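Me: Please present the model, and then justify the terms used to describe it.

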Amino acid sequence: HDKWEIHPMELMLLEELGSGQFGVVRRGKWRGSIDTAVKMMKEGTMSEDDFIEEAKVMTKLQHPNLVQLYGVCSKHRPIYIVTEYMKHGSLLNYLRRHENSLIGNMGLLLDMCIQVSKGMAYLERHNYIHRDLAARNCLVGSENVVKVADFGLARYVLDDQYTSSGGTKFPIKWAPPEVLNYTRFSSKSDVWAYGVLMWEIFTCGKMPYGRLKNTEVVERVQRGIILEKPKSCAKEIYDVMKNCWGHGPEDRPSFKVLKDQLALVAQTLTD
Ligand SMILES: Cn1cc(-c2ccnc(-n3ncc4cc(C(C)(C)C)cc(F)c4c3=O)c2CO)cc(Nc2ccncn2)c1=O
């Protein structure tokens, strides 16, 4: 019996949570009591067979700061991807909606960064690359828990506008030079994206590089121009962000090092 295969009879579908990259996502109850989110994959949006193969690996990735994949319903079409449920939705929306109570709460914003770095350090340890780390792809649960979502799924998107670096949906503003030039993804390209995610957190959800066109952002990144320090952000925290934007992957810290750097900063700020 395939552990990662979920029987649709065990799922009760509830309200719609949104429609993401792959189609509608609904809240669900699994085996009567487990809160889940159920992605109902729109046909033709993802390479399903490859994903179903990978799902076996993904269900084994378990960490308090990763949105847990419970399994898939792959015996019918559309296939369902069943994950744990996070009641406050995307971190980006949460930052924008709670800006007034978050801005200036350095400790809470830093704690969000630290939670994400823990989830990412776990993925790094398992040689697992996210490929689209950003505030929009993190989720918020009760008691300000923040978890990384949809890690690794980028590999199965069929939309060229998203997968090719020249496409309109490619996340240019979260990409380092080696991804812009050669789409060379690594845990160090996730670290660059993590620096931009820190900037999103400390600006409470501003758009990086404002309204600059993708071509202008590519030009700046390649010339080594980086995002400015957010107003309500301590210098020590901006120093960590800047570390994430080292021009070459070898100039950036690993998530393991990042996690420890952030814990140190948190210590000094609360002393
Ligand atoms: C687990 N989960 C998922 C979602 C949810 C809903 C709609 N779209 C999405 N998204 N969002 C983004 C997304 C991105 C990708 C990339 C491959 C990385 C491009 C692939 C996806 F499959 C999704 C997806 O499914 C999500 C994120 O997977 C919302 C939750 N919660 C709430 C709660 C309240 N209000 C709204 N959502 C929740 O708990």
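**Ligand site and helix packing**

Reply: The ligand is surrounded by 21 residues, the closest being Phe 22, Lys 39, Glu 84, Met 86 and Asp 150; a residue counts as near if one of its heavy atoms lies within 4 Å. This is a predicted model, in which local features need pLDDT of at least 70 and side-chain atom pairs 80 or more, while totals for chains, interfaces and linings use all residues. Residues are numbered from 1 along each chain as its sequence is written, and side-chain values use heavy atoms, without hydrogens and water.

Me: What makes the pairing of Lys 39 with the ligand a polar contact?

Reply: A polar contact is a pair of N or O atoms within 3.5 Å. An N or O atom in the Lys 39 side chain is 2.6 Å from a ligand oxygen atom, so the pair meets that definition. A polar backbone atom of Met 86 is 2.7 Å from an oxygen atom of the ligand, and for a polar side-chain atom of Asp 150 the distance is 2.8 Å.

Me: Why is helix 4 called roughly antiparallel to helix 7?

Reply: The axes of helix 4 (residues 106-125) and helix 7 (residues 187-202) come within 10 Å and cross at roughly 165 degrees. Angles over 145 degrees count as roughly antiparallel, which therefore describes helix 4 and helix 7. Their crossing is right-handed.

Me: How do you know that helix 7 is roughly antiparallel to helix 9?

Reply: Helix 7 packs against helix 9 (residues 235-244) at about 150 degrees, with the axes 7 Å apart. That angle makes the two helices roughly antiparallel. The crossing of helix 7 and helix 9 is left-handed.

Note on methods. Axes fitted to C-alpha atoms, helices over the stretch in contact; angles between N-to-C directions. Helix = DSSP H or I, 4+ residues; strand = E, 2+ residues; numbered from the N terminus. Parallel < 35°, antiparallel > 145°, perpendicular 65-115°, else oblique. Left-handed = near helix turned anticlockwise from the far one by under 90°. Polar contact = N/O pair within 3.5 Å; in protein donor to acceptor, adjacent residues only side chain to side chain.
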